[in-house]
Amino acid sequence: MSTDTRSQAGNRNLYLAPYLLWIVLFVIIPIVLIGYYSFQNVDGGFTLANYKKAFNPVYLMMALNSFFYAFLITLFSLLVAYPTAYLLTRSKHKQLLLLLIILPTWINLLLKAYAFLGIFGSAGPVNTFLEWLGIGTRQILFTDFSFIFVAVYIFIPFMILPIFNSLEELNPTLTDAARDLGASAWTTFRRVVFPLTLSGVKSGCQAVFIPALSLFMITRLITGNRVITLGTAIEQHFLVTQDWGMGSTIAVFLVIVMVAIMFLSGDRNRRSRT
């Protein structure tokens, strides 16, 4: 190996040092601590009871709720994001419109949640509009609808961006060729556009589904804890019951599920490119 090659390798390692330090401090060490606390009871003693308790029907129902709501949030985000991204790629001002979509992500999540408390409140603009229509006020807050709506609003930019990038990378001559061969607009989308942008759809679904599994602040503020998920259970164990062992055990299962989803999604993406 030449001196220049060794020097370049040393520079690359030096540039990687801050990233590796960040990964160790804020990813690896927290996961190790969660695993450590999951084997402790309330008194700090070693126990395996937490993992046995995790298969209690109550926690299994919470897990099913978490997956169900995460699936709905991902599905509705995709249904809104794909046509939005598709229209963005055909707009003359797509960069400006894309900036407007990204802009809400710069606002603190807590502020956005509190804003919806006012929007969906009994005296908020939504109920005022319903009353003007003659429908009357409705209980919108503390419902499944309000939870899913707010979650979709928060996560939808993370679904739009990867789909938009996939559509931008799509070779337009492929769609032109399909239309020249007599394919309808729907057939062109179904047989050409959507399959070739499936990697963006997978990335967007992964970016939404994984964090949606562990939501807890929205469930507290928007639904008043009427929607119970694993994220809510973790928060309750750490902050209310002070049972860090049980909270860590649930977190371990969530980490395993999230890693499995990332691994499976990444493996499929690699196979699709080979």
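These notebook entries record what I looked up in the structure above.

**Entry 1. Confidence**

I began with the standing of the coordinates, since the model is predicted. The average pLDDT of the protein is 87, and 93% of the residues score at least 70. I then looked for a stretch of low confidence and found residues 269-274, where pLDDT stays under 50. For that stretch the model has three contacts beyond four places in sequence.

**Entry 2. Overall build**

I asked how many helices and strands the protein has. The count is 13 helices and zero strands. Along the sequence the pattern accordingly reads as α repeated from beginning to end. I noted the span of the C-alpha trace along its principal axes as about 80 × 70 × 30 Å.

I turned next to burial and surface. Of the 274 residues, 35% count as buried. The accessible surface comes to about 16,700 Å², and carbon and sulfur atoms hold 69% of that surface. I also looked up how far apart in sequence the contacts reach. Among contacts with a separation of 6 or more, 68% are between residues 24 or more positions apart.

**Entry 3. A nonpolar patch**

I searched the surface for nonpolar side chains and recorded a patch of about 1,000 Å². Its members include L21, W22, V24, L25, F26 and V27; I28, I29, I31, V32 and L33 also belong to the patch. I took V27 as an example and located it in helix α1, which covers residues 3-37. V27 counts as partly exposed because its relative accessibility is 34%, between the cut-offs of 20% and 50%.

**Entry 4. The end of helix α3**

I examined T89, which is in helix α3 (residues 57-89). Is T89 buried or exposed? T89 is buried, because its relative accessible area of 13% is under the 20% cut-off.

I listed the polar partners of the T89 side chain. The backbone oxygen of Y86 is reached at 2.6 Å, and the side chain of R90 makes a polar contact at 2.9 Å. Leaving aside neighbours within four places in sequence, I found T89 in contact with K94, F164, L167 and E168. Two of these names, K94 and E168, return in the next entry as a salt bridge.

**Entry 5. Salt bridges**

I searched the whole structure for salt bridges and obtained two.

In one of them the side chains of K94 and E168 meet, with N to O at 3.0 Å. This pair links distant parts of the chain, 74 residues apart: K94 is in helix α4 (residues 94-102) and E168 in helix α7 (residues 144-169). I checked the cover of E168 and found it partly exposed, at 35% relative accessibility.

The other joins E235 and R220, whose closest N and O atoms are 2.9 Å apart. This pair also links distant parts of the chain, 15 residues apart, with E235 in helix α12 (residues 230-239) and R220 in helix α11 (residues 217-221). I compared the cover of the partners: E235 counts as buried at 11% relative accessibility, whereas R220 is partly exposed at 36%.

**Entry 6. Helix α12**

The burial of E235 led me to examine its helix. How many of the 10 residues of α12 are buried? Seven are buried, and I recorded α12 as mostly covered. The buried residues are L230, G231, T232, A233, I234, E235 and H237.

**Entry 7. Positive phi**

I finally looked up backbone angles. Most residues other than glycine have a negative phi. Against that background I noted F142, which is not a glycine and has a positive phi of about 60 degrees. F142 lies in the loop between α6 (125-132) and α7, and F142 is partly exposed, with a relative accessible area of 33%.

I made a similar note for Q242, which is not a glycine and has a positive phi of about 60 degrees. Where is Q242 found? I located Q242 in the loop between α12 and α13 (244-273). Q242 counts as partly exposed because its relative accessibility of 43% lies between the cut-offs of 20% and 50%.

Note on methods. Residues are numbered from 1 along each chain as its sequence is written. Side-chain values use heavy atoms; hydrogens and water are left out. pLDDT is the predictor's confidence in each residue, from 0 to 100. Contact means heavy atoms within 4.5 Å. Helices (H or I, at least four residues) and strands (E, at least two) are DSSP runs, numbered from the N terminus. Buried means under 20% relative accessible area, exposed over 50%, partly exposed in between (1.4 Å probe, protein chains only). A polar contact is a pair of N or O atoms within 3.5 Å; within protein, one must be able to donate a hydrogen and the other to accept it, and residues adjacent in sequence count only if both atoms are side-chain atoms. Patches are made of residues with over 30% relative accessible area and no salt bridge: like charges are joined within 9 Å, nonpolar side chains (Val, Leu, Ile, Met, Phe, Trp, Tyr) within 5 Å. Accessible areas come from the Shrake-Rupley method with a 1.4 Å probe; for residues, only the protein chains shown count as cover. A salt bridge is a side-chain nitrogen of Lys or Arg within 4 Å of a carboxyl oxygen of Asp or Glu.
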